Amino acid sequence: MASKVTVNSAWRTARTLWLLVLVCLSVCICVCRASSAEENSAMENIVTEKKAEASHRQDSADLLIFILLLTLTILTIWLFKHRRFRFLHETGLAMIYGLLVGVVLRYGIHVPRDVNNITQSCPVNSSPATLLINVSGKYYEYTLKGEISTIEMDDVPDNEMLRKVTFDPEVFFNILLPPIIFHAGYSLKRRHFFRNMGSILAYAFLGTVLSCFVIGLLMYGCVMLMKQMRQLDGDFFFTDCLFFGAIVSATDPVTVLAIFNELQVDVDLYALLFGESVLNDAVAVVLSSSIVAYQPQGDNSHTFEVMALLKSFGMFLGVFSGSFALGVATGVVTFTKLRDFQLLETALFFLMSWSTFLLAEACGFTGVVAVLFCGITQAHYTFNNLSAESQDRTKQLFELLNFLAENFIFSYMGLTLFTFQSHIFNPMFIVGAFIAMFLGRAANIYPLSFLLNLGRRNKIKSNFQHMMMFAGLRGAMTFALSIRDTATYARQMMFSTTLLLVFFTVWVCGGGTTPMLSCQRIRWVFNMSIAEGSERRSTKQESAWLFRIWYNFDHNYLKPILTHSGPPLTATLPPCCGPLARFLTSQQEPCLARPPLGPAYPGATGSDDLDRELTYGDHELVMRGTRLVLPMDDSEPPFTDTHRHLQM
């Protein structure tokens, strides 16, 4: 009996010990699992941090590439200016540097494959913009970067590197384009612009629309021929052809204008080219958006319908007029009272100018039109209210931003030719685009010039017309409009062809400006005193009567209210408005030291006042293009040929 009790006691003791061992093992396993999970989580965090740091370094390297491109361009520009080399402008040079860097990035640098990258298929019916992936109970967010072909599946790291140096198209519209367009309006030479206002409006509005439809119709015929020959792999509608005509009609003769500025070519020719390029950029933007908005009723959205056409035309007028009104209103209300703090005054002026573009885009208008007319309005009114230091700062600031943004865009054009991964180069479409571009430009210049010469006293000569035809370069605006949407087959083909059009016009047409001037026997002047005297004598006779009425009203009433210049309202308003005139008349002296206008000049007429008003400020504001002109060497005598004069 005693032995049986001993056996039972031993069995219970062993079972208890076994249970304790199992409990200890379970606790150890749980602790090990928890420790392993914590280690895995820590390792995942470390890997994530390393990837974020590597991505940051890659982004910094990409931006450094563009900074080095601009630096190299500036140094080469200095060398070209010093040697007076005019056959290649800085924009064409920036494109060449961009091409070289693009070749290196595309074919010279290869990123090693990451063994952790795993490609898994997940069949869905659409491509969502954002994906949430559940990985071991943790959710990760992935964003859509675009479609890639099966051929590119093995080169994901290289494609990622090329994708990083490809900017978001909105960067061009919201950051790079505003200073370029604003500078064009802010540096407008008013006297030459208003002398040729009617012709400039005709070329910018009628000519751009005519060029758009000519190019669109010709390209539609080319597309139909390509369909017959089975050279199209996707849809290409008539609206796509019109859209291509709109973006290609945007001229940007910055290279030609810079050479004109250095050579002091005929001011009327300069004004016609400059005014057309400023306004037709705005017209092309609104026209392209109106074509995109063309949407007939029914399933087939690409048929012709009168109501849809009228709706698009109404949208064109509404968007343009609304953007114009918004830009002018913003320019008028930029009425600074911070003259004692010049830095704050300049900062406020800069922010108000830039916000005009963003405000117009947020309201559904076109920021390009708004910021252009905001710049023109601020140059006419707000500039007079700024302190002398802020006036110099704003001119230099916007000139610098324009120079950097323009050269950055042209460098990026060269880079994009090799880094963009959805190029579609079709030889027949490219040849048709070149032919259509030249015919569209010819339809803009020659018929309108013939009609304008019927009413102009100062005729647009045939050699001027040939020069305007030759100077129809494509540039930053054409590139920005084409890269903004490259989702479809048609838009990708248009973008690739647009790049070639820009390269050709900038290099060939821009580089051939000086020989073309000699071929057309368009002379340039080196004695500006003769030119200025000739222009002042002709301004009073050639200014349109409508604008002379407007400037008299502006000088007598708007300038005294909105600025600190002009005659006092007590001298221009009727006596019954005396209290109102005294209330609105500014007691602050104008910042600009200039001769007084109006009754202060005995015997002066309204025409004399207008001539001085238009003349003033033309030399204060910088014309479009860079002013990196070095002084002449002491070893070279200055030009003193007094027989050279402007062709009027």
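A disulfide here is a pair of cysteine sulfur atoms within 2.5 Å. By that rule the count in this predicted model comes to zero. Take Cys-222: its sulfur is 8.4 Å from the closest cysteine sulfur, the one in Cys-241, which is too far for a bond. Cys-222 counts as buried at 11% relative accessibility, where buried means under 20% relative accessible area, exposed means over 50%, and partly exposed is what falls in between (1.4 Å probe, protein chains only). Cys-519, on the other hand, is exposed, with a relative accessible area of 56%.

A word on the ground rules. The model is predicted, so local features need pLDDT of at least 70 and side-chain atom pairs count only at pLDDT 80 or more, while totals for chains, interfaces and linings use all residues. Residues are numbered from 1 along each chain as its sequence is written, and side-chain values use heavy atoms, with hydrogens and water left out.

Now step back to the whole chain. The protein chain has 23 helices and two strands, taken as DSSP runs numbered from the N terminus (H or I of at least four residues for helices, E of at least two for strands). Of the 648 residues in the protein chain, 46% are buried. Look at contacts, meaning heavy atoms within 4.5 Å, between residues at least 6 apart in sequence: 81% of them join residues at least 24 apart.

How do the helices pack? Two packed helices are described by the angle between their axes and the distance between the axes. The axes are lines fitted to C-alpha atoms, for helices over the stretch in contact, and the angles run from 0 to 180 degrees between N-to-C directions.

Start with helix 4 (residues 169–186) and helix 12 (residues 367–385), whose axes come within 7 Å and cross at roughly 40°. That angle makes helix 4 oblique to helix 12, because angles under 35 degrees count as roughly parallel, over 145 as roughly antiparallel, 65 to 115 as roughly perpendicular and the rest as oblique. The crossing of helix 4 and helix 12 is right-handed; that is the label if the near helix is turned clockwise from the far one by less than a right angle, with anticlockwise giving left-handed. On the helix 4 side you'll find Pro-178, Ile-181, Phe-182, Gly-185 and Tyr-186, and the residues they meet in helix 12 include Val-371, Leu-372, Gly-375 and Phe-383. By class, this contact of helix 4 with helix 12 has eleven nonpolar residues, three polar and no charged. For that tally, Ala, Val, Leu, Ile, Met, Phe, Trp, Tyr, Cys and Pro count as nonpolar, Asp, Glu, Lys and Arg as charged, and the others, Gly among them, as polar.

Stay around helix 4 for a moment and bring in helix 13 (residues 388–419), home of Asn-402. Asn-402 is buried, at a relative accessible area of 2%. Which residues does Asn-402 touch, leaving aside its neighbours within four places in sequence? They are Pro-179, Ile-180 and His-183. Glu-399 also sits in helix 13 and counts as buried at 15% relative accessibility. The C-alpha atom of Glu-399 is separated by 9.8 Å from that of Phe-182, although the two residues are 217 apart along the chain.

Next come helix 6 and helix 9 (residues 267–292), with axes that come within 8 Å and cross at roughly 40°. Helix 6 is therefore oblique to helix 9, and their crossing is right-handed. Among the residues making the contact are Leu-201, Tyr-203, Phe-205 and Cys-212 of helix 6, and Leu-272, Glu-276, Leu-279 and Ile-291 of helix 9. This contact of helix 6 with helix 9 splits into 14 nonpolar, four polar and one charged.

Follow the chain out of helix 6 (197–228) and you reach the loop before helix 7 (238–248), where Arg-230 lies. Arg-230 has a positive phi of about 55° although it is not a glycine, and it is exposed at 77% relative accessible area. Arg-521 has a phi near 55° too. Its place is the loop between helix 18 (513–519) and helix 19 (528–542), and Arg-521 is exposed, at 70%.

Finally, helix 7 and helix 17 (residues 489–511) have axes that come within 11 Å and cross at roughly 25°. That makes helix 7 roughly parallel to helix 17, in a right-handed crossing. Phe-243, Phe-244 and Ile-247 are among the helix 7 residues here, meeting helix 17 residues that include Met-494 and Leu-501. The contact of helix 7 with helix 17 has seven nonpolar, two polar and two charged residues.
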